[in-house]
Amino acid sequence: MVKRISTQIVKQILCASMVVIVMAPIILTLFAALKTKADMVTTSPLLLPEWGRVTFDNFKDVLSDKYLLIGFKNTGIILMVSIFFNVMFGTITAFIIERFEFRGKKLVVSLFFIGMLIPTFVTEIARFQVIQGLGLYNTLGAPIVIYVASDLMQLYIYRQFISGLSVSLDEAALIDGCSYFGLFVKIIFPLLAPATATVCIIKAINIINDMYIPYLYMPKNKLRTLTTFLMDYANAQLGSWQTLAAGIIIIMIPTIVIYVFFQRYILAGVAAGAVKE
């Protein structure tokens with residue numbers, strides 16, 4: 001009994017420590033965003049200023065920047081288009097691989113997973129040349145093509161999920177006169193809703209937080225995303241830590257909202273396709 005209680009105490013301490021490690025930077029950033037420039041110097045970073053000195057002017061300054069709205073718009077366009085094609089290509093490809101036998105199937109699957117294993121920076125020069133050759137450099141099409149083509153995580157999730165669906169569903173639908181296209185659209189795709197939710201959430205968080213691809217392939221000011229806006233804003237606000245902290249909090253909001261409201265779908269979608277019955 002003593003050993004069990006001791007184990008539980010150790011587990012609770014470890015969990016609490018991890019929560020503090022994860023949340024501390026976010027809380028300190030929020031504290032900084034609520035301070036004036038003078039309070040940044042005179043108060044501890046671990047404490048809020050006196051209630052009467054709490055200010056929201058830093059958030060007003062960030063929200064008044066015209067490039068913030070441009071960043072939200074561009075990020076939204078890239079997000080919606082990329083996720084749409086990721087879901088479409090991912091579900092169709094996974095369905096074909098899991099339900100059909102064809103010559104070279106093992107080779108195709110192997111190539112997909114080899115593509116997942118190769119580090120991105122190894123192929124960066126070739127990828128840059130491809131984007132330029134397609135005329136997509138300095139357009140919203142560049143990150144969209146990269147997000148759709150370079151990350152095959154959705155294929156793994158959909159394959160695991162489809163492998164857990166009974167083949168009897170396919171046979172019953174085909175016997176009733178349903179075509180393969182109808183089978184996919186009317187039966188398979190609706191059943192992939194948990195996996196689709198998982199893919200959408202993970203992809204959305206990755207795309208919103210990515211700075212490297214938008215910065216490299218879309219240097220124009222009118223093509224700024226949220227992350228590149230924040231980077232340029234940080235350079236412009238050098239020394240104004242409280243304003244920069246407010247910008248960080250604002251940029252974090254979409255990711256936090258997505259994760260808080262849909263985190264249960266991430267675990268449900270991954271687990272649902274992980275076990276066969």
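How many of the eleven residues of helix 8 are buried? Eight are, and the helix, residues 153-163, is mostly covered. This is a predicted model. The points below start with helix 8, then turn to a helix pair, the cysteines and two loops.

**Helix 8**
- The buried residues of helix 8 include Met 153, Gln 154 and Leu 155 at its start.
- Ile 157, Tyr 158 and Arg 159 are buried too, as are Phe 161 and Ile 162.

**Helix 4 against helix 11**
- Two packed helices are described by the angle between their axes and by the distance between those axes.
- For helix 4 (residues 66-99) and helix 11, the angle is about 145° and the axes lie 10 Å apart.
- The crossing of helix 4 past helix 11 is right-handed.
- Helix 4 brings Thr 75, Ile 78, Leu 79, Ser 82, Ile 83, Asn 86 and Val 87 to the contact.
- Helix 11 meets them with Thr 196, Cys 200, Lys 203, Ala 204, Ile 207 and Ile 208.
- By class, this contact has eight nonpolar residues, four polar ones and one charged residue.
- An α-helix has 3.6 residues a turn, so residues three or four places apart point the same way.

**Thr 198 in helix 11**
- Thr 198 belongs to helix 11, which spans residues 193-209.
- Thr 198 counts as buried because its relative accessibility is 0%, and buried means under 20%.
- The side chain of Thr 198 reaches the backbone oxygen of Pro 194 at 2.9 Å.

**Cysteines**
- The structure has zero disulfides.
- Cys 15 has 47% relative accessibility, so it counts as partly exposed.
- Cys 200 has 23% relative accessibility and therefore also counts as partly exposed.
- Cys 200 is one of the helix 11 residues that meet helix 4.

**Asn 138: a loop residue with positive phi**
- Asn 138 sits in the loop between helix 6 (124-133) and helix 7 (141-150).
- Most residues other than glycine have a negative phi.
- The phi of Asn 138 is near 65°, a positive value in a residue other than glycine.
- Asn 138 counts as buried because its relative accessibility is 17%.

**Lys 222: a loop residue that touches helix 4**
- Lys 222 is in the loop between helix 12 (212-217) and helix 13 (226-236).
- At 55% relative accessibility, Lys 222 counts as exposed.
- Leaving aside residues up to four places away in sequence, Lys 222 touches Ile 70 and Asn 74.
- Helix 4 covers residues 66-99, so both Ile 70 and Asn 74 fall within it.
- Lys 222 and Asn 74 are 148 residues apart along the chain, yet their C-alpha atoms are separated by 8.7 Å.

Technical notes. Residues are numbered from 1 along each chain as its sequence is written. This is a predicted model: local features need pLDDT of at least 70, side-chain atom pairs count only at pLDDT 80 or more; totals for chains, interfaces and linings use all residues. Side-chain values use heavy atoms; hydrogens and water are left out. Helices (H or I, at least four residues) and strands (E, at least two) are DSSP runs, numbered from the N terminus. Buried means under 20% relative accessible area, exposed over 50%, partly exposed in between (1.4 Å probe, protein chains only). A polar contact is a pair of N or O atoms within 3.5 Å; within protein, one must be able to donate a hydrogen and the other to accept it, and residues adjacent in sequence count only if both atoms are side-chain atoms. A disulfide is a pair of cysteine sulfur atoms within 2.5 Å. Axes are lines fitted to C-alpha atoms, for helices over the stretch in contact, and angles run from 0 to 180 degrees between N-to-C directions. A crossing is left-handed if the near helix is turned anticlockwise from the far one by less than a right angle, and right-handed if clockwise. Contact means heavy atoms within 4.5 Å. Ala, Val, Leu, Ile, Met, Phe, Trp, Tyr, Cys and Pro count as nonpolar, Asp, Glu, Lys and Arg as charged, and the others, Gly among them, as polar.
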